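Here are my notes for your read-through. Please keep the structure open beside them and check each point as you go.

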Amino acid sequence: MEEKQKLGIENDFEYDELSGYYFSFGGGDEFNDYNLRGLPDAYTAGALFTDKWNSDKHNVNTSYRFNRLGTTDKGSTLTQNILPSGITYSNNISNKTGLSQQHAFNGKYEWKADSLTSFKIATVITYRTNAVAGNSSSEYLDAGKQFINQSFRDYNSDTRRVQSDNQFTYRQMFTKKNRLLLGVVRFGTAADDQSGINNTRINYYQSGVFNYADTIDQEKTFTGNSRTFGTKLTFSEPLSAAWFAVLEYAYNKNHSNSNRNTFEKGLNGKYEVPIVDFSDNFGLDAFSHSGTGTLRYAGKKIKFAFGTGVSAVKLVLNDLDTHIITDYHFLKLTPQAQFNFTLKQQTNLSVSYRGTTRQPTLNQLQPLRDNTDPLNIYRGNPDLKVGFNHGFNINFNQYKVLSQTGIYIGSGFNLQDNAITQFNTIDDQGKRTYFPVNVNGNLSWYLYGNWNKGGGENKLDYSIELNSRGGRNINFVNGLKSINYFTSVLATFSIEYEQVDKYSFELYPMIGYNWSSSSLGTSINNNYLTYGGQFSGYMMLPGKLEISTNINADLRQRIDAFAQNTNLVIWNAGLTRKFGKDKAGKIGLYVNDILDDNKGFTRTINSNFITDERYLRVSRYFLLKLEWSFTKMPGAEKK
């Protein structure tokens, strides 16, 4: 994200209603580090050209970026399963290596024909490859820790994707203030190609004694392509000095083909014998028409808006194997209203409501038949209904300039009708079959508050913040309804102080608590305390040296589900010195994770399972860094 910002790359492509109806292995940007698992081996390079001319009427921005990311990961996942018959345990150990490479080209040209009219063309072309290889072993245990099954899997896959997104935007303003016409046309293509080997052996046990084994040795291939066309018109009209009307219409169309086939070995040892039960070949045409109407009022103290959107989606699925054509029709509604009241200067109260529809995805209606994991079999449900979410929010904020005191309070509540959840069936051998169903009663809420005071040079800045969230989730396990209630509370206190070019410090202690209960296991205690916080600061030393440090402590109470616990204390430090004219140069020595304690860890608690995931992360390392800023300001004195 930071690289894109430095290159001036804008992610301003229009969203379309059909983006979820093309099966592919693409999507997402695995080159960011938000969800990085394992130790990275990364390279990146980029270039940018931008220019404006003719009094800035013409603007061009082009960039190229190359990414190469290799990862090596060793991880484990420990799970306690809460079933109607009692507790079971799942343990998994995995080793995985991956290599992803990407070439991305971005181009944008903008022409301001006059003060009221502008045109913009933007394009993104991406070529991406991904290679993954690994193995895993898992065990499924009963309440007495005896084997129910064991699984051993080796796999590899190679993926290639070519994608192009293109957008043309026309903006027309008028001599009448705030009247606006905006038109967008979008065309995109994607092509995927993948092949991979799956070799799995599963041992099944009876009362802890080996019973029989099952094996899978297959090659899976996938080729697919997609073409998307869309257009959108937006018109804004001022009805008076305070009233505005906004009308919008959009049309999107997607045509795609997907060919997934599974092969097993023939007599010659090659993967050439097709397995019809786990092969899918189909074409899909998807269409959507959507419109939105909104009325806005902007007064001196009161502002409000209300309106609704509606869209009709049609899917035509052609199963090329059975020659069966299936039509799906969905209606999507998005009513919304917002009210804002300025009680006095720097004091505001706002209330809003937004209704959104969640239509089932194609995979939920008719999924691909897949036996990659024979212990977890997923199937679709063509009778799914469209879900609807009611979202309510209220916010209050106040800031007093003279005392430099601010108060921020907010709360939200979401209630879902016909939410899409899962119906799970787990047999005595540990095999899980699941499919989506509709359910009523799912809800979520949040509450936050912040009070802060002070700030500025040579002044303390301190604040108190409270965050809480919770809700209720419902699914089904072996025919029984599983209701999970969850609540978390986190309280933090912060204090900051800075003397510019001398020293500063920031201290953020925190404490929290997590509650979770399941209707299937009322006697199980999975509540736990979290505590810790952060400290950071710097100090100027003689000789133009600057020393800095930061510590992040993430500590938690052990729960009954697992014998081990994971606490993290990450301590980083650096020593830097600026040099040269105007301090354009900077050299620094940094130490990351001095205590060598940076372990990847994620905890998930759901209505019928508790999971602790552990994985590799970059831990202690030393870094020597040299920076030099080259600048040339227009109009500067020539030397």
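1. In which strand does threonine 123 lie? Threonine 123 is part of strand S4. Keep in mind that this model is predicted.

2. Is threonine 123 buried or exposed? Its relative accessibility is 17%. Buried means under 20%, so threonine 123 counts as buried. Now look across to asparagine 166. The two residues are 43 residues apart along the chain, yet 4.4 Å separates their C-alpha atoms.

3. Next, find phenylalanine 168. This residue sits in strand S5, which covers residues 147-173. Phenylalanine 168 has 34% relative accessibility, so it counts as partly exposed. The partly exposed class runs between the 20% and 50% limits.

4. Phenylalanine 168 also belongs to a nonpolar patch on the surface. The other members are Trp53, Tyr109, Trp111, Ile121, Val185, Phe187 and Phe229. Together they have about 710 Å² of accessible area. Two elements, S3 and strand S6 (180-206), give two or more residues each to the nonpolar patch.

5. Turn from the surface to the interior. In soluble globular proteins, nonpolar side chains tend to be buried together. Here, the largest nonpolar core has 15 residues. Those with the most contacts inside this core are Ile82, Leu83, Tyr140, Ile559, Phe562 and Ile610. Three strands each supply at least two residues of the core: S2 (58-83), S3 (86-112) and S4 (117-141). A second core is separate and has 12 residues, including Leu284, Ala286, Phe330 and Leu384.

6. What does isoleucine 610 touch? Leave out residues up to four places away in sequence. Its partners are then Leu78, Thr79, Gln80, Ile82, Asn526, Ile559, Phe562, Thr604 and Ile605. Among them, Ile82, Ile559 and Phe562 are also named with Ile610 for the most contacts inside the largest core.

7. Now trace strand S24, residues 528-541. On one side of the pairing list is strand S23 (residues 503-518), which pairs with S24 in the antiparallel sense over 12 bridges. Tyrosine 513 stands opposite leucine 529 in S24.

8. S24 has another partner, strand S25 (residues 545-556). This pairing is antiparallel too, over 12 bridges. Serine 536 stands opposite asparagine 550 in S25.

9. Finally, check the hairpin of S24 and S25. How many residues lie between the strands? There are 3. In this hairpin, glycine 543 takes a positive phi near 80°.

Technical notes
Residues numbered from 1 in each chain as written. Predicted model: local features only at pLDDT ≥ 70, side-chain atom pairs only at ≥ 80, totals over all residues. Heavy atoms only, no water. Core = buried A, V, L, I, M, F, W, Y, C linked by side-chain atoms within 4.5 Å. Buried < 20%, exposed > 50% of the residue type's maximum accessible area, 1.4 Å probe, protein only. Helix = DSSP H or I, 4+ residues; strand = E, 2+ residues; numbered from the N terminus. Contact = heavy atoms within 4.5 Å. Pairing = 2+ DSSP bridges. Patch = residues over 30% accessible without salt bridge, like charges linked within 9 Å, V, L, I, M, F, W, Y side chains within 5 Å. Areas by Shrake-Rupley, 256 points an atom, 1.4 Å probe, with all protein chains shown as cover. Salt bridge = Lys/Arg side-chain N within 4 Å of Asp/Glu carboxyl O.
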